[in-house]
Amino acid sequence: MDGDGRITAVGVPSPRGVPSFGDELPDGLLIADARGRVVVFNRRAEAITGLRRDAVLGRAATDVLPLHDGEGRDWWKAIDPYRGLSTRTRHPECGLYLVDGREVLVTASYLRDRLRRPQRFILSLRDAAARARRERHRADLVSTVAHELRSPLTSVKGFTATLLAKWHRFNDDQKLVMLETVNADADRVTRLITELLDVSRIEAGRLEMRRQVVDIVGTAREVITRRVAAGDDANRFRLDARGTLPELWLDPDKVHQILGNLVENAVRHGAGTVTIVVEPDTGREGAAVERVVVSVRDEGEGIPPEAAQRVFRQFWRGNRRRGTGLGLYIVKGLVEAHGGAIAVQRAPGGGAEFRFTLPAGSPA
């Protein structure tokens, strides 16, 4: 600590704009010393409060960051961190308000000496607006799941109850239609649960990658074959494999899921021919192939440019009412888990083109 009480250890700045201790943290961090003066104020704290680090360091924390509760009471006076109870070790998270009226979520803790005197008072700040967005997201997820589950489960319950109560009143053809409907709705529920599990793994960073050599052209061909077997017109699909492709070490199930989702999206929401283009990309002329580029195109109305950045968000469905709005979000997560990237643009012949890249070469 220097003569002004500022921390001067490696990685902790003086207030001259050098990177500060805690700048890598996702939460705002304020640390006050034994005299209540600010010795650490990280970059995230600057962003949340709008205060500059060089205007904060060395000043009393109570002066630079006045905090009030919902009743307008001074939080610092209420907790009295330097003269209050010596047995306190922390203050649980609570919502407090800055001078400009914005709400922040604050958690505080103490570092005390052997006589229980505060040597450091540590304040963690979180953006309440971000928390509110997450809460809305959770509410949207619950609402979407409830809505999507209710329809097929109502159908399953209705048909099974009818068959159990009036089995002998129906002929075999009628029973077959009912059972096929039940089976289709059960598949729909299974797909939704699978999507939710994928979303959970993507958000938690827990996607398991089982890499092996994958024939991506063969995978695209298999996706088309399955669509045709399910009743789609074979003439609606075209596969265009260009150039010599490098060896690809990918998760075959996830690559199949990526292509399957994109083709289904093109069939359901696009029009005309659905084309899958697979080609090598060297990155620069004469260099070794660094990645493979795959494009899935349709000939429909396409996606407006202003919506291009939103299509990969959860629950984005544009003007469409069908589906959960999770498919493209999952596709993006699966592509990025492979080390690739995906974007949407206008296809050469109109319509939408989802173009993603996958890295070449064996896994590290």
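## Elements and the overall model

Helices here are DSSP runs of H or I with at least four residues, strands are DSSP runs of E with at least two, and both are numbered from the N terminus. By this definition Asp80 lies in the loop between helix H4 (75-79) and strand E3 (90-97).

The model described here is predicted. The protein has nine helices and twelve strands. It consists of 364 residues, of which 39% count as buried. Among contacts with a separation of 6 or more, 59% join residues 24 or more positions apart.

## Two loop residues with positive phi

Most residues other than glycine have a negative phi. Asp80 has a positive phi, near 45°. Its relative accessible area is 25%, so Asp80 is partly exposed.

Arg116 also has a positive phi, near 70°. This residue is found in the loop between strand E4 (103-112) and strand E5 (118-127). Arg116 counts as partly exposed because its relative accessibility is 37%, and the partly exposed class runs from 20% to 50%.

## The five-stranded sheet

Five strands form an open sheet with mixed pairing, in the order E7-E9-E10-E12-E11. Strand E7 (237-241) and E11 are the edge strands; each has a single partner strand, so one side of each has no neighbour in the sheet. From one strand to the next, the twist averages 15°.

E11 and E12 run antiparallel and are joined by six bridges. One residue pair can be named: Val344 has Phe354 in E12 as its bridge partner. Helix H7 packs on the sheet, where it touches E7, E9, E10 and E12. The direction of H7 makes about 175° with that of E7.

## Helix H8

Helix H8 covers residues 252-269, 18 residues in all. From its first C-alpha to its last it reaches 26 Å, close to the 26 Å expected at 1.5 Å a residue. At the start of H8, the backbone nitrogen of Asp253 has a side-chain oxygen of Asp251 within 3.1 Å.

An α-helix has 3.6 residues a turn, so residues three or four places apart point the same way. The buried residues of H8 include Val255, Ile258, Leu259, Leu262, Val263 and Ala266. Polar residues are on that list too, among them Lys254, His256 and Asn265.

## The nonpolar cores

The largest nonpolar core has 41 residues, and those with the most contacts inside it are Ile216, Leu259, Leu262, Ile276 and Phe356. Several elements each supply at least two residues of this core, including helix H6 (172-204), helix H7 (216-229), strand E9 (274-281), strand E10 (291-297) and strand E12 (352-359). H8 gives the most, with seven residues. A second, separate core has 24 residues, including Leu30, Ala45, Val64 and Val106.

Ile216 touches Leu245, Leu248, Val255, Leu259, Val278, Val294 and Leu358, if residues up to four places away in sequence are not counted.

## Thr219 in H7

Thr219 is found in helix H7. Is Thr219 buried or exposed? Thr219 is buried, because its relative accessible area of 9% falls under the 20% cut-off.

Neighbours within four places in sequence aside, Thr219 is in contact with Val214, Val255, His256 and Leu259. Val255, His256 and Leu259 are also among the buried residues of H8.

Conventions. Residues are numbered from 1 along each chain as its sequence is written. This is a predicted model: local features need pLDDT of at least 70, side-chain atom pairs count only at pLDDT 80 or more; totals for chains, interfaces and linings use all residues. Side-chain values use heavy atoms; hydrogens and water are left out. The expected span of a helix is 1.5 Å times one less than its number of residues. Buried means under 20% relative accessible area, exposed over 50%, partly exposed in between (1.4 Å probe, protein chains only). A polar contact is a pair of N or O atoms within 3.5 Å; within protein, one must be able to donate a hydrogen and the other to accept it, and residues adjacent in sequence count only if both atoms are side-chain atoms. A nonpolar core is a set of buried Ala, Val, Leu, Ile, Met, Phe, Trp, Tyr and Cys residues joined through side-chain atoms within 4.5 Å. Contact means heavy atoms within 4.5 Å. Two strands pair if DSSP finds at least two bridges between them. Axes are lines fitted to C-alpha atoms, for helices over the stretch in contact, and angles run from 0 to 180 degrees between N-to-C directions.
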